[in-house]
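Reader: I have a predicted model of a complex open on my screen, and I would love a guided close look at one part of it. Could you take me through it and then show me how it sits in the wider picture?

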Amino acid sequence: MSELRFEDVSVRYGTRRHGLTAVEDVSLSVGDGEIVGLVGESGSGKSTLARAAVGLAPVTAGRILLDGRPVPVRGRRRPVQLVFQDPYSSLDPRMTISTSVGETIPRRDPVTGAVLDRRTEVARLLELVELDPDLARAFPGQLSGGQRQRVALARALAARPEVVIADEITSALDVSIQGTVLNLLRTLLRELGTSMLFISHNLAVVRYVASSIAVMYLGRIVEHGPAAEVLAHPQHPYARDLLAAVPEAGRTPERPGDPALRAVADAEPADPHHPPAGCRYHPRCPIGPLVRADTDICRTRTPDTDHRHHAACHFAEPLGGTTERRSSL
Amino acid sequence: MSFLPRPAQRPRASARWLAVLRTPVGFCASLGLLVVLAFAVIAPILWTGKASATDVPDLLQGPSAQHWAGTDNLGRDIVFRVLVATGLSVELALLATAITVVAGLILGTAGVLFGRRVARLMAAAVNIAVAFPGILLALFFAVIFGIGAKGALLAIGFAGAPAFARLAQTLVAGIESRDFVAAARIAGVGRLRLLVRHILPNVAEPLIVNAAIGAGGALLAFASLSFLGIGVQAPSYDWGQLLGAGLAGIYEQPVAALAPGIAVIVAGLAFNLFGEALAKGIGLTTTLGRIPLGRMRRQPAEPASEKDGDVPVLDAADVVVTLPGPGRPIRPVRGVSLRIERGEAVGVVGESGSGKSLTALAVTRLIEEPGQVTASRLRFLGNDLLAGPARLHRRLLGTKLAMVFQDPMTSLNPTRRIGRQLAEVARRHEGLSRADALAKAVDRLRAVRVPAAARRARQYPHEFSGGMRQRAMIGMGLMSTPALIVADEPTTALDVTVQRQVLDLLETIRRADSVALLLISHDVAVVGQVCDRVLVMYAGRIVEDLPAAELATAARHPYTRALAAAVPDMRTDLDAPLAVIPGRAPDPAAFPPGCAFAPRCPLATEQCRIDEPPLETDARGRRVACWHADSPTDGSTEMTTAGRGHE
């Protein structure tokens, strides 16, 4: 069955001296029919990882495999598809919906080998994403943001993908539209059995969609585990801080009294061009060297991931926690 | 700031081309061009014989009834020669333009076809070629290709190519970075098809316009080369050649030189104006006039409620914003009344197009021309902003109001150090010395928790991260002692951890100095966490005004309830589908009659579609505009048809 696997993937831009390692040694697997949520702040390399999987970003080290074979990034057959964030930019304004979607449809059904009729395929796909097939003749300018995002989804599904990567697909939409797109996504994936890497900065959205959650910080995955597990017992301090920062009506977060804790709470996100040595989160970490004296190891040594949820933290719970499940890696 | 509503839909391409014809310049230029082209085709067919007929007795004659512009040194009629020369002149100009376009397109789009390395090489080559003046290139090519029409044609054609290639490269690069091109690549679309189907159609219009203007230039260039004697050679003749021949006798017989000169001017103008008219018609040269303070008009006055001693920070009634729209003006804000007390945090939530940002800009007098704002009352700290000199208002707002926008990069001057920008506020409003103002700026940066404030004050905005920039913006607002901070989506571009830092900071400032906050956000959760009171906007009106704590639990308007339910939070039931609001938010250009939410509302009745519900205040000071406020929305719609009347 189809499993998307990132094996020690690094993506580096620029020259040796003035470069930026957007993704560093990332290992992650999206199992068959699984929805993996990828969260992290902007600049953490989430989108770069997604673009690398479809050949839009250069993989400088490691491999990206689909069922053990390298993901094809040339030629007509593209089993990994990407849905973009901004539906106003991802559809060609000069092309009808039918042409845009039709462009991705393979000549033959990859399973049966039967020749596919574009027009019936387009109608089928539009119905799949709950759009009126009559919209096939429309131009993107005539559609609302939510409708456009469904078209973008239909276009990705047209390629009969085995894995779909959704890169912040609801963040450009109004909240009232976001719900319809998320509902549609859940139903579709359940019906089609397609695997998905769902990228979002919104933890509440990821929680609703994903079966497992990976947390990325400055190009590295710092925690990965079953969604409920990660949300209930986050192991990495960054994951804990992320969860604590989710705004909730009626809950005013307390400001810490300890000045050291206040300082790390106000610390600026690190510059990806000059990532900190050791654990990359240490300048902002509430249990790190700026707060506790006994944690100098964080400044010097990159933590390994032999912890619960593969947490890349020196102080995470050891493996074999209560409900550890080795689903990936 | 994207407070202007999204344009409904661009008119189709054909309609826009036709619209060009309707402008006076477009019409004249098209007509002129048509006449020139007609002569170019017809004249050589009809009058070649007459133009080459020699009239030996009448050599070098001046204008006469027989020869309107006289004759040349072989006694040939100059008018006919000028007319017939149209053919060759226009043909050569068009051919040269064709060479320019083809060569330019090949250079400009090679990168798409052959990859990044070739693109870089081409860009370098074009950069070098662009540096040479066109006429110099033309002369250079003329020497290489030999003197004559063919040499001049290739010379002028290739001389124009670098500039055209540069334009094509720039346009193509702009389109190439769009997601739909990436999407096509992922779909496995080949490079040639990518170029032909996706990129060229999206860059065609400016290129066509440029080619039309270029044709005029080529015409003039040909005239110059022929005039200099390195273009068309006798016995062929074009306008430049005729001009050169006529110039020999300019003192005896000026018409012989003037006639081809006029022809060159007319044809050149026709091409150029046609190109300009096209450019204007399809919107390439748009000018935006900006006047900082919009016009403010008072509606039929309403007495201000000044009885209670505590003056509110902001007190606005019936604020209406009118913007010019396609066809007729649109009113994205339709009568908003709001009041903010000292130290109060008021949130405004709503979907895009609900008018929430425009409302904030209107009450702080930041709507720019051609936008118009009317209100029956607009008081800031007790000062009537509808009367009195604008200079005083600007000073008052300058010191007592702080604005924080979504993208601080656009609000900060990228070429000036952060500290200087902050200091400028104090220098202007308080007259502090340079050193004092800078010291205060550093102090304020420290107050907004910028680490190493003294060092960072010397940095430029691009050296700040998004969250730090937002803090600097807030710090700028704190240079004076503001009574109100208006924050328009201040954290939308930020990550959750940074969002929390910024919200936390706003909260601290508010508590410390009892500064009022008007927080505009699409995020119900953020508003619910930060604010005391929430205004819910829909289609340019406030539909509900309620305590933030009741947003999720005790909202009375069906829209508020739907909005709160549609946002997933960390407690959302994972097994049930998310609540959704069917339909889409109305276009500000066409708000429906009656209650604007009626088409999407499960409670809507006939009354809702006809009468707009007024914003009623209840005993606890909450406001709601709904005929069926408090009716449960979970049940079917039938149960609500009884309605609640005008209570």
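How many of the 7 residues of strand S12 (residues 541–547) of chain B are buried, and is this strand enclosed by the rest of the structure or left open?

Author: Happy to, and please keep in mind throughout that this is a predicted model. In strand S12 of chain B, 6 of the 7 residues are buried, so the strand is largely enclosed by the rest of the structure.

Let's look at the partners of S12(B). Strand S11 (residues 533–538) of chain B pairs with S12(B) through 6 bridges, in the antiparallel sense. If you want a place to start on your screen, find Leu535(B), which has Asp545(B) of S12(B) opposite. The two strands make a hairpin with 2 residues between them, and Ala539(B) in this hairpin has a positive phi near 50 degrees. S12(B) also pairs with strand S14 (residues 623–624) of chain B, where 2 bridges join the antiparallel strands. Here the residue to find is Glu544(B), which stands opposite Val624(B) in S14(B). As a general reminder, the strands of a sheet pair through backbone hydrogen bonds.

How far can you trust what you see in this chain? The average pLDDT of chain B is 83, and 91% of its residues score at least 70. Two stretches deserve more caution. Residues 1–10 of chain B stay under 50 in pLDDT, and the model has 14 contacts for them beyond four places in sequence. Residues 299–308 of chain B are also below 50, with 11 contacts in the model beyond near neighbours in sequence. Where pLDDT is low, the predicted coordinates should not be read in detail. For the complex, the predictor gives an ipTM of 0.84 and a pTM of 0.80.

Now to the place where the chains meet. Here 57 residues of chain B are in contact with 51 residues of chain A. Several helices of chain B each supply at least two residues to its side of this meeting, among them H7 (191–228), H17 (496–513) and H18 (524–530). By class, that side of chain B has 31 nonpolar, 14 polar and 12 charged residues.

Helix H6 (179–186) of chain B is another of those contributors, and it leads us to a helix in the other chain. The buried residues of helix H2 in chain A pack against H6 of chain B, together with helix H3 (118–128) and helix H4 (145–158) of chain A. H2(A) covers residues 97–104 and is mostly covered itself, with 7 of its 8 residues buried. Among the buried ones are Ile97(A), Val101(A) and Glu103(A).

The loop between H2 and H3 of chain A offers a contrast, and Val115(A) has its place there. Val115(A) counts as exposed because it has 9 C-beta neighbours inside 10 Å, where a residue needs 12 or fewer to be called exposed. Apart from neighbours within four places in sequence, Val115(A) is in contact with Arg107(A) and Arg108(A). From Val115(A) to Leu143(A) the C-alpha atoms are 30 Å apart, with these positions 28 residues apart in sequence numbering.

Stepping back, chain A has 10 helices and 10 strands. Its radius of gyration is 21 Å, close to the 20 Å that the globule rule gives for 329 residues, so chain A is as compact as a globular protein of that length. The C-alpha trace of chain A spans about 65 × 45 × 45 Å along its principal axes, and 50% of the chain's residues count as buried.

Chain A has an open sheet of its own, with 4 strands in the order S2-S1-S4-S5 and antiparallel pairing. Strands S2 (19–30) and S5 (69–70) of chain A stand at the edges with a single partner strand each, so one side of each has no neighbour in the sheet. Strand S1 (residues 4–14) of chain A and S2(A) share 8 bridges, and Leu4(A) has Val30(A) in S2(A) as its bridge partner.

Finally, the largest nonpolar core has 285 residues, and those with the most contacts inside it include Val215(A) and Phe222(B). Helix H3 (residues 78–130) of chain B gives the most to this core, with 18 residues. Beyond four places in sequence, the residues that Val215(A) touches include Val39(A), His236(A) and Leu242(A).

Notes. Residues numbered from 1 in each chain as written. Chains lettered and ligands numbered in written order. Predicted model: local features only at pLDDT ≥ 70, side-chain atom pairs only at ≥ 80, totals over all residues. Pairing = 2+ DSSP bridges. Core = buried A, V, L, I, M, F, W, Y, C linked by C-beta atoms within 7 Å. Buried ≥ 20, exposed ≤ 12 C-beta atoms within 10 Å, placed from the backbone. Contact = placed C-beta atoms within 7 Å. pLDDT = per-residue confidence, 0-100. Nonpolar A, V, L, I, M, F, W, Y, C, P; charged D, E, K, R; others polar. Rg over C-alpha atoms; globule rule 2.2 N^0.38 Å.
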